[in-house]
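Student: Hi, can we go through this structure together? I'd like to start with the cysteines.
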Amino acid sequence: SACCLDVNAGFLENGPIEGLSHFCEHMLFLGSEKFPEEDLYMATLNKAGGSFNATTYWQNTNYFFDIAPDQFSPILDQFSQFFKAPLFTENSTDREMNAVDSEHKLQLKHDMARVYNVVLALGNPDCKLQLFGCGNLKSLRDDPKEKGLNIRDELLKFHKKHYSANVMKVAILSSDPFEKLRDLVVEHFADIPNSDVEVPTGPQRSGGAPPFRTDQLPAYIRVLPISP
């Protein structure tokens, strides 16, 4: 059995803290008000032979898992709580910043990621695609401190503002009859708070300006690879 939930919020919603949406993705798994144990979700999935992951993109964030069918409903309960009342504890906040920073440093060694960022850096400075999506210790710890921002408070505000039921889509897959799957969705996801958030459309949603101005094209870019 498997489940996937997509939130129509990503890098473009970072606001004053670069990497905030990606950091929220990392933090979401680390306990909720109903299930405060930090590693319960991961331990439950591992014990049942399941797996999980999540990915943050420019316009959306995607969470997904798979697990043995007999454990589907209990894990759906844990999973759905992340979108209702995550804890975002101070201890896990500090530790997970380092995990994001490590992920960023790994990307610096990947040629495809380097080429992608070089292309963006040489593009239209008025386009929001220029922003720093992944985040690191500087953007998540040092810069907010200089601005007088508390990263946990900003996480809670980000989640409350953007993690609204009206901009979420969920899909589940299992061998059970449709009626039972429908009831599972209603049971676990119907009470996710709905703040009727409005998501920009058109050019504003895709970066606010073209990735490249006409005077910047055509362009030929050579990037020296790290990998042999």
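**Cysteines, core and helices**

Tutor: Sure! The sulfur of Cys3 lies 7.0 Å from the closest cysteine sulfur, in Cys4, so that is too far for a bond. This is a predicted model, where local features need pLDDT of at least 70, side-chain atom pairs count only at pLDDT 80 or more, and totals for chains, interfaces and linings use all residues. Residues are numbered from 1 along each chain as its sequence is written, and side-chain values use heavy atoms, with hydrogens and water left out.

Student: OK, how many disulfides does the structure hold?

Tutor: Zero disulfides, a disulfide being a pair of cysteine sulfur atoms within 2.5 Å.

Student: And is Cys24 buried or exposed?

Tutor: Cys24 is buried, at 0% relative accessible area. Buried means under 20%, exposed over 50%, and partly exposed in between (1.4 Å probe, protein chains only).

Student: New topic: what does Tyr163 touch?

Tutor: Its contacts (heavy atoms within 4.5 Å) include Cys24, Tyr63, Phe83 and Met168, not counting residues up to four places away in sequence.

Student: Which helix 3 residues meet helix 8?

Tutor: Phe72, Ser73, Leu76, Asp77, Phe79 and Ser80 in helix 3 do, against Leu184, His188 and Phe189 in helix 8. Helices here are DSSP runs (H or I, at least four residues), numbered from the N terminus.

Student: What's the class make-up of that contact?

Tutor: Five nonpolar, three polar and one charged residues. Ala, Val, Leu, Ile, Met, Phe, Trp, Tyr, Cys and Pro count as nonpolar, Asp, Glu, Lys and Arg as charged, and the others, Gly among them, as polar.

Notes
Helices (H or I, at least four residues) and strands (E, at least two) are DSSP runs, numbered from the N terminus.
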